[in-house]
Amino acid sequence: MEIVVEPVVSFLVEKLGNLLIQEAISLIGLRAQVEWIETELGWMRSFLKDADAEQQGDERAKKWVRDVHGIAYDTEDVIDSFLLKVESLRGRGSLCSIKRCAFIVSELIARHKIASKIKHIKLKIDDISKRRTTYGIESIGRAEGSSSAGRSLQEWRLTSPNVQEPDFVGFEKDLEALVMRLTEGELRRCVVSVVGMGGLGKTTLTKKLYNTDSVKKHFHTHAWISVSQEYDVRDLLGVIVKRCLVLSNEELEMVEKMNVVELRDKISEYLNHKRYLVVLDDIWKGEAWDSLKDAFPDMNNGSRIVLTTRNKDVALYADARSQPHELRFLNNEESWKLFRKKAFPGQDGGCPRDLEVLGREIVEKCHCLPLAIVVIGGLLSRKEPREWENVCKTISWQFIKGDVKISSILSLSYNDLPHRLKPCFLYLGNFPEDYEFHTMELIRMWAAEGFLQQRGEETLEEVGEMFLKELIQRCMVQVAKRSSSGGIKSFRVHDLLRDLSISEAKEGKFLEVHHGNMNVTSASRARRLAIHHNDLSKYNSLTSSSPHVRSVLIYTQGYSWLQRKQEKFLYRGFKLLRVLCLHGAPIEKLPTEIGELVHLRYLGCTKTFLKSLPSSIGNLPSLQTLSVASFDNIKVPSTIGKMRQLRHLQVKGVDKLNYLGWVGPWGVIEGHPRLDQMSNLQTLSHVKAGKWMQSCLGKLTNLRKLGIGLVTGADAEVFNESIANLGCLQSLSIVTQGFEYKNQGSLVPLSPLLKLSKLRLEGSAGDVGEAEKPSYSQITFEFI
């Protein structure tokens, strides 16, 4: 198992840098030590990028990375605990002289404690640095070869086109479509790519395609090349020569002496006047294609190259004009049919009636992934019927005990991820099975966790969207819904890949998932806890055993009410939380203790019965996202104006329409908050117009998304006066009640919004005529 640590260190280095700037006064007497740690971890960060790729084959590297992982977390705990103490003391700093003296003494004690802990951390870092030299870990990145486990898996994956899967199920239409693409259409040399996640059947389908009679007859010469992650260009070219050309022993000896350029030229010369088919199986990088493409001339005679890959970007890189053929998962009946063929070979797919119920349960646990079905079916074909139930109970993503494990195949995709994407993928394990991820919800969590680093003028959210697209291109996640503009609205993760993320994350103490049937009495070093259970009373002990937890995500079914004592364990125990998500918890209010979580960056309360937010919410100086979805209108206190780091304020209803006939519920902002000082605010969604608009709305110049309810004509007037200043606005939703917005000046006030791409009008605003729409071709209009 691999430990993800480089992003942890990167986040910590950045945090220490910000700390030295923002907390200069609090760190008097500690600055030099903190600067030393920041510098030393900065050096380790650059080295870790090489170590990240070597962990699988080098136990020394894995041990050293684990030590750095521990020291980074220890440092973060010390710094965050100190800042928590400082923040609490600041709240008492303006009291009477006696209490002021007590405050100073408390601050001195806190500084002394952190100085002692930092000194201990410095000794650990010194020791870790020395061990890197002592045990020869400095050679990481320069070592040749790979682990024996990696080599054996690679050797197993080297395929021969002559060894076909006899039980071909579910891809008949795919095969028909690909045969047509190979034998018909353009005369130019096309690259036809078959794309899909590991274990989906890309190679099985391509072998069937390669050996189809009509394909064999159509081409003059054929070659099948297995590329894989680690390859040697010269070896690959040598294989092509031997597969395509008929050579004498003397010519073979000459080939062995040729360099890469000579081999390319020889292949190109031979293929120059032939219609050829070359399969490049299992390509991972665009560089592999670059090193081979010059050997394949384009004589405009209908030659084809078939490429299989897990990365859609690689497919498009090889031939942007050729649409990749993306494989789907088997459906339930196809899965059952394939399983029967494997579990009962030679019996024409027949299954004894007494085993059918259990067999279908086993197939369901394979989650429609052909590789999993083939392997588990083959395993059961060698077992007695009485053993099936035991196999069914123990099936997991690592259920195979033979030479080839499902986990090893799927792990290849994970291990190939760049270091920046690994924590983003592991984070998906926090969520329930079959969960449909809302794109922006997850990206905001990634940002809160520190996985996203701002680059140039790009926002964190834009960086997150790029990360998500890369995971999609690598077939690690699948698009579920797209927005009207073509963006990714939501996505899903295959159950076996979710299991992979949980297993990898648990091994590296990245996160733990609790389903209510796990022992939570022992201390856990995991930084994140996901609780998918209704009875939270079981988890009270976690607050004392896991004070270092940074994220808690709770997904309940809403069957039982949270008791007050159950709520408090969240807010009083986990003082260092960065992310808190309550989904489906039937709570009506948040306790005032929420304001003590000064490190909190993301607070999500979705599918709840919240009616108000406590005024103490304004004491969260680091909060970036506040997302509430309730069955009731939600009162938002004026203290939110104090949250200068807030980027997204989203208060929406669970129900689409309420009995009034207009969209709700809504967020009702109370009093006169100073929203004009919230310069980072990008999302203000589902809020009712009110007094806060008069001096604030026009000053929220960074807003990208605004959803507002206008109740009176006066609201519309203020809105019209302010809206022209919001030049960054991309999405605007207006709901009216009791008056027609078009009578307040039609939509002319929106004309300065040059970046607006989505406009939604509900209520009486839906009467706006065609002539009154802003004439922007890029805007998607919705009138309801």
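**Close-up 1. Strands β18 and β19 run side by side in the parallel sense.** In this predicted model, strand β18 (residues 683-688) and β19 are joined by four bridges. One of the pairs to look for is threonine 683, whose bridge partner in β19 is lysine 705. On β19's pairing with strand β20 (residues 731-736), there are six bridges, again in the parallel sense. Here leucine 710 stands opposite threonine 736 of β20. Follow the chain through β19, helix α26 (residues 713-723) and β20 and you trace a right-handed β-α-β unit. Is strand β19 largely enclosed or open to the outside? Five of the six residues in β19 (residues 705-710) are buried, so the strand is largely enclosed by the rest of the structure. As you step along the residues, it helps to recall that side chains in a regular strand alternate between the two faces of the sheet.

**Close-up 2. Strands β6, β8 and β7 build an open antiparallel sheet.** The three strands sit in the order β6-β8-β7. At the edges are β6 (437-438) and β7 (478-482), each of which pairs on one side only. Between β7 and strand β8 (residues 488-492) there are four bridges, and the two strands run antiparallel. To find your bearings, start from valine 479, whose bridge partner in β8 is phenylalanine 491.

**Close-up 3. Threonine 439 of helix α20 touches residues that include Phe491.** Helix α20 spans residues 439-449, and threonine 439 belongs to it. With a relative accessibility of 5%, threonine 439 counts as buried, because the cut-off for that label is under 20%. Beyond its neighbours within four places in sequence, threonine 439 is in contact with Leu468, Ile488, Lys489, Ser490 and Phe491.

**Close-up 4. Helix α14 is capped by asparagine 331 at its N-terminal end.** Helix α14 (residues 332-343) has twelve residues and reaches 16 Å from its first C-alpha to its last, close to the 16 Å expected at 1.5 Å a residue. In the cap, a side-chain oxygen of asparagine 331 lies 3.2 Å from the backbone nitrogen of glutamate 333. Which residues of α14 are buried? They are Glu334, Ser335, Trp336, Leu338, Phe339, Lys342 and Ala343. Their cover includes α15 (353-365), α16 (370-380) and α17 (388-394). While you look down the list, keep in mind that an α-helix has 3.6 residues a turn, so residues three or four places apart point the same way.

**Close-up 5. Serine 303 is a buried loop residue with polar contacts.** You will find serine 303 in the loop between α12 (286-292) and β4 (304-309). Its relative accessibility is 1%, so serine 303 counts as buried. The side chain of serine 303 reaches the backbone oxygen of lysine 274 at 3.4 Å. A polar contact of 2.9 Å also links the side chains of serine 303 and asparagine 301. Setting aside residues up to four places away in sequence, serine 303 touches Leu187, Arg188, Arg189, Cys190, Phe219, Lys274, Arg275 and Tyr276. Cysteine 190, one of these, is itself buried at 6% relative accessibility.

**Close-up 6. Cysteine 581 is buried and has no bonding partner.** Why is there no bond between cysteine 581 and cysteine 605? Cysteine 605 holds the closest cysteine sulfur, but it is 7.9 Å from the sulfur of cysteine 581, too far for a bond. Cysteine 581 has 1% relative accessibility and therefore counts as buried. Searching the whole structure turns up zero disulfides.

Key:
Residues are numbered from 1 along each chain as its sequence is written. This is a predicted model: local features need pLDDT of at least 70, side-chain atom pairs count only at pLDDT 80 or more; totals for chains, interfaces and linings use all residues. Side-chain values use heavy atoms; hydrogens and water are left out. Buried means under 20% relative accessible area, exposed over 50%, partly exposed in between (1.4 Å probe, protein chains only). Two strands pair if DSSP finds at least two bridges between them. A crossover is right-handed if, with the strands pointing away from the viewer, the path from the first strand over the helix to the second runs clockwise. The expected span of a helix is 1.5 Å times one less than its number of residues. Contact means heavy atoms within 4.5 Å. A polar contact is a pair of N or O atoms within 3.5 Å; within protein, one must be able to donate a hydrogen and the other to accept it, and residues adjacent in sequence count only if both atoms are side-chain atoms. A disulfide is a pair of cysteine sulfur atoms within 2.5 Å.
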